[in-house]
Amino acid sequence: MSVIKDEKKLLSTIKRIDEKIDKNNDQKIVAFFDSLGLTEREDVPKNFLDWDTILIVVPDRHISHELKYYKFSISRLFFVTNPYAEKINIYDFDEWKNVTRNKTQFQIREMMKTNFGGVRKENTENE
């Protein structure tokens, strides 16, 4: 005999509530991206809500620190700092996992020079 009177009803109720939570979280993500100006940019994928987890690549630790609060208050966000990036970029976190799997820290750092927002900066000498 189960302690729960109607387990099927309970699971159905939990599922409905989870769907509402997901919808609210999607609204938080869109509001966050709007505030960062990401939804206005042409280079930002428009299907980001379809991703399980969204990777947000920021160009420096100051921006990362400024956005730290949102990492904890909005589900499905994962942050990475890429010092080779010129601006904030977003990617599907599954893509990040696939590319970085079995790589060393050094290999990941080298990869980030030209991937995930990285733009290799050329050394310019004073003329």
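**A three-stranded sheet and an aromatic cluster**

In this predicted model, three strands make up an open sheet, laid out in the order E2-E1-E3 with mixed pairing. The edges are taken by strand E2 (77-81) and strand E3 (89-92), each of which pairs on one side only. On average, neighbouring strands of the sheet are turned by 30° against each other, direction ignored.

The mixed character shows up once the two pairings are taken in turn. Strands in a sheet pair through backbone hydrogen bonds, and they can do so in a parallel or an antiparallel way. Strand E1 (residues 54-58) goes antiparallel with E3, over four bridges. On that side, Leu55 sits opposite Tyr91 of E3, and Ile56 stands opposite Ile90, also in E3. With E2, on the other hand, E1 runs parallel, and five bridges join the two. Here Ile56 turns up again, this time with Phe79 of E2 as its bridge partner. Between these two parallel strands the chain passes from E1 through H2 to E2, a β-α-β crossover that is right-handed.

What about the surroundings of E1? Side chains in a regular strand alternate between the two faces of the sheet. In E1, Ile54, Ile56 and Val58 point to one side, Leu55 and Val57 to the other, and all of them are buried, so both faces of the strand are covered. With five of its five residues buried, E1 is therefore largely enclosed by the rest of the structure.

Two helices lie across the strands. Helix H2 (residues 61-73), the one in the crossover, lies across E1 and E2 and runs at about 170° to E2. Helix H3 (residues 93-100) lies across E1, E2 and E3, and its direction is at about 75° to E3.

Then there are the aromatics. Five aromatic pairs are found in the structure. One of them joins Phe32 and Phe33: their ring centres are 6.0 Å apart and their planes meet at 40°, which makes the pair tilted, because that angle falls between the 30 degrees under which planes count as stacked and the 60 over which they count as edge-to-face. Both of these residues, Phe32 and Phe33, are buried. They also belong to a wider group, since Phe32, Phe33, Phe48, Tyr69 and Tyr70 form one aromatic cluster.

Key: Residues are numbered from 1 along each chain as its sequence is written. This is a predicted model: local features need pLDDT of at least 70, side-chain atom pairs count only at pLDDT 80 or more; totals for chains, interfaces and linings use all residues. Side-chain values use heavy atoms; hydrogens and water are left out. Two strands pair if DSSP finds at least two bridges between them. Axes are lines fitted to C-alpha atoms, for helices over the stretch in contact, and angles run from 0 to 180 degrees between N-to-C directions. Contact means heavy atoms within 4.5 Å. Buried means under 20% relative accessible area, exposed over 50%, partly exposed in between (1.4 Å probe, protein chains only). A crossover is right-handed if, with the strands pointing away from the viewer, the path from the first strand over the helix to the second runs clockwise. Rings of Phe, Tyr and Trp (its six-membered ring) pair if their centres lie within 6.5 Å; planes under 30 degrees apart count as stacked, over 60 as edge-to-face and the rest as tilted.
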